[in-house]
Amino acid sequence: MKTTHLLLIALAATLPNAGAANKPGGALPRHGMLVYSDLCVHEGSGEYGGQRITLQRFAEVDTVIYEYTAGGLSWPLVATDVNVDPRGKMMYFTVQEGEEERTISGKFSPDGTTLTLDGGYCEDHSQPMVLAKVRDFARKPRACKTCPAPKRRGAE
């Protein structure tokens, strides 16, 4: 009986940790679905603003569904050329918006709770586009923030 218990303990110690296999290097899991969003509602008009990225991670491929606003929430765009860093630190993907093809890229926070997209809101890019990981899908969207006044350069 003791030998059987010792054998089971030794066998369990040699099996790979399922959680470690799911997280190759970062806080981003290798399998599953993650949603990152900064969707908000403009107080005056009641229209949505922001973006939502749904990342689906399968064994063989990663897929992205991208949504953005231009007055109303856009039709979901299925991305092509989806690439997630094997360490789970950054990603990029391409979407077709009408005739225009656009590549969107960003970096995940070390704990995977945010995705900061390259570029920025507002004309002077003073505000980065930070999308939070959605945990509560029933939560109402927050109010949109207004862009700060553009910084003016001195007279030249």
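Which residue does Arg57 form a salt bridge with? The partner is Asp62, and the closest N and O atoms lie 3.0 Å apart. A salt bridge here is a side-chain nitrogen of Lys or Arg within 4 Å of a carboxyl oxygen of Asp or Glu.

Some ground rules before going on. This is a predicted model, in which local features need pLDDT of at least 70 and side-chain atom pairs count only at pLDDT 80 or more, while totals for chains, interfaces and linings use all residues. Residues are numbered from 1 along each chain as its sequence is written, and side-chain values use heavy atoms, with hydrogens and water left out.

**The chain overall**

The chain has 13 strands and 2 helices; both are DSSP runs numbered from the N terminus, helices being H or I with at least four residues and strands E with at least two. Of its 156 residues, 29% count as buried. Buried means under 20% relative accessible area, exposed means over 50%, and partly exposed is in between, using a 1.4 Å probe and protein chains only. About 10,800 Å² is exposed by the chain, with carbon and sulfur atoms supplying 57% of that; the areas come from the Shrake-Rupley method with a 1.4 Å probe, and for residues only the protein chains shown count as cover. Take the contacts (heavy atoms within 4.5 Å) with a separation of 6 or more: 34% of them are between residues 24 or more positions apart.

**Salt bridges**

The structure holds 5 salt bridges, and these are among them:

| Pair | Closest N and O atoms |
|---|---|
| Arg30 and Asp62 | 2.9 Å |
| Arg57 and Asp62 | 3.0 Å |
| Asp85 and Arg87 | 3.2 Å |

Shared partners join Arg30, Arg57 and Asp62 into one network. How buried are its members? Arg57 counts as buried because its relative accessibility is 7%, Asp62 is buried at 12%, and Arg30 also counts as buried, at 19%. Arg30 and Asp62 link distant parts of the chain, 32 residues apart: Arg30 is in the loop between α2 (18-22) and β1 (32-37), and Asp62 is in strand β5 (residues 62-70). As for the pair of Asp85 and Arg87, Asp85 is buried at 13% relative accessibility, whereas Arg87 is partly exposed at 43%.

**The disulfide**

With cysteine sulfur atoms within 2.5 Å as the rule, the count comes to 1 disulfide. This one joins Cys40 to Cys144, S to S 1.9 Å, and is right-handed with 95° about the S-S bond. Cys40 sits in strand β2 (residues 40-41) and Cys144 in the segment after β13 (142-143), so the link spans distant parts of the chain, 104 residues apart. Both ends are buried: Cys40 has a relative accessible area of 7%, and Cys144 has 15%.

**The nonpolar core**

A nonpolar core is a set of buried Ala, Val, Leu, Ile, Met, Phe, Trp, Tyr and Cys residues joined through side-chain atoms within 4.5 Å. The largest one has 20 residues, and Ile53, Leu55, Val64, Met91 and Phe93 have the most contacts inside it. Elements giving two or more residues to this core include β4 (51-57), β8 (80-84), β10 (100-108) and β12 (127-133). The biggest share comes from β9, with 3 residues. Leaving out residues up to four places away in sequence, Ile53 touches Leu34, Val64, Phe93, Leu117 and Leu131, among others. In soluble globular proteins, nonpolar side chains tend to be buried together.
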